[in-house]
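Please read this short report alongside the sequence and the structure shown below. It is written for a reader who is meeting this model for the first time.

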Amino acid sequence: MSDKHSGSCLCGQVRFEVEGAFESFYLCHCEYCQKDTGSAHAANLFSSHARLHWISGEHNVRTFDLPSTRHSKSFCATCGSALPKLQMNGTLLAVPAGSLDSDVSIRPTAHIFVASKANWDDGLERVPRVERLPE
Ligand SMILES: [Zn+2]
Ligand SMILES: [Zn+2]
């Protein structure tokens, strides 16, 4: 399994590489992550020793820290895509799984903050699965 991952934003201005293994992969269903992603949960990979290298567009990366919380989000100023960020005073790298262009090398560790999950976020594995846009 490769310990090098690459990723980018939707508009392609921001590109990055992550060198080093991910230690955990959390699907966070908290209310902040619901707002932040517009979805049921965030999907973030974490590493305490991997190195983040911006390949292009670093000047386009913005970070929003939600006051009085530990919630923060980095995103592309042009397209809004979620991007990696350093948390906990730079000691923990968080990488949105969907921002990666390379395969994710570990399985999700856990669903967290499920006590705060959306009221429609239940039994999703039983919802019909359609390969592409429904007819
Ligand atoms: Zn972008
Ligand atoms: Zn969360």
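What follows describes a predicted model, beginning with its metal sites and going on to salt bridges, a surface patch and one loop residue.

**Metal sites**

The zinc ion (ligand 1) is held by the SG atoms of Cys9, Cys11, Cys76 and Cys79, at distances of 2.3 to 2.4 Å. The angles among its 4 donor atoms run from 103 to 114°, and the site is tetrahedral. For comparison, the ideal angle for four tetrahedral donors at a metal is 109.5 degrees. Along the chain, the donor residues of the zinc ion (ligand 1) follow the pattern C-x1-C-x64-C-x2-C. The site thereby links distant parts of the chain, with Cys9 in the loop between β1 (4-8) and β2 (15-19) and Cys76 in strand β7 (residues 72-76), 67 residues apart. Both Cys9 and Cys76 are buried.

For the zinc ion (ligand 2), the protein donors are the SG atoms of Cys28, Cys30 and Cys33, which lie 2.1 to 2.3 Å from the ion. The spacing of these donors in sequence is C-x1-C-x2-C. Are Cys30 and Cys33 buried or exposed? Cys30 counts as buried because its relative accessibility is 9%, and Cys33 counts as buried because its relative accessibility is 7%, the cut-off for this class being under 20%.

**Salt bridges**

The structure holds 3 salt bridges, which are set out in the table with the separation of their N and O atoms.

| Salt bridge | N to O distance |
|---|---|
| Glu17 and Lys4 | 3.6 Å |
| Asp36 and Lys73 | 3.0 Å |
| Arg126 and Glu125 | 3.4 Å |

In the salt bridge between Glu17 and Lys4, Glu17 belongs to strand β2 and Lys4 to strand β1, so this pair ties together parts that are 13 residues apart in sequence. Glu17 is partly exposed, with 25% relative accessibility, and Lys4 is also partly exposed, with 44%.

In the salt bridge between Asp36 and Lys73, Asp36 lies in helix α1 (residues 31-37) and Lys73 in strand β7, so parts that are 37 residues apart in sequence are tied together. Asp36 has a relative accessible area of 21% and is therefore partly exposed, whereas Lys73, at 16% relative accessibility, counts as buried. Strand β7 thus contains Lys73 as well as the zinc donor Cys76.

As for the pair of Arg126 and Glu125, Arg126 is exposed, with a relative accessible area of 66%, and Glu125 counts as exposed at 57% relative accessibility.

**A surface patch and a loop residue**

Which residues form a nonpolar patch on the surface? The patch is made of Trp120, Leu124 and Val127, which together have about 280 Å² of accessible area. Of these residues, Val127 is found in the segment after β11 (110-112), and it is partly exposed, with a relative accessible area of 41%.

Ala77 sits in the loop between β7 and β8 (82-83), where it counts as partly exposed because its relative accessibility is 39%. Apart from neighbours within four places in sequence, Ala77 is in contact with Asn60 and Arg62. The C-alpha atoms of Ala77 and Val61 are separated by 6.1 Å, although these residues are 16 residues apart along the chain.

Notes: Residues are numbered from 1 along each chain as its sequence is written. Chains are lettered from A and ligands numbered from 1 in the order in which they are written. This is a predicted model: local features need pLDDT of at least 70, side-chain atom pairs count only at pLDDT 80 or more; totals for chains, interfaces and linings use all residues. Side-chain values use heavy atoms; hydrogens and water are left out. Donors are N, O and S atoms within 2.8 Å of the metal (3.2 Å for Na, K and Ca); water is not among the atoms, so sites may look incomplete. Four donors count as tetrahedral if all angles lie between 85 and 135 degrees; four count as square planar and six as octahedral if opposite donors are over 155 degrees apart and all others between 65 and 115; anything else is irregular. Helices (H or I, at least four residues) and strands (E, at least two) are DSSP runs, numbered from the N terminus. Buried means under 20% relative accessible area, exposed over 50%, partly exposed in between (1.4 Å probe, protein chains only). Patches are made of residues with over 30% relative accessible area and no salt bridge: like charges are joined within 9 Å, nonpolar side chains (Val, Leu, Ile, Met, Phe, Trp, Tyr) within 5 Å. Accessible areas come from the Shrake-Rupley method with a 1.4 Å probe; for residues, only the protein chains shown count as cover. A salt bridge is a side-chain nitrogen of Lys or Arg within 4 Å of a carboxyl oxygen of Asp or Glu. Contact means heavy atoms within 4.5 Å.
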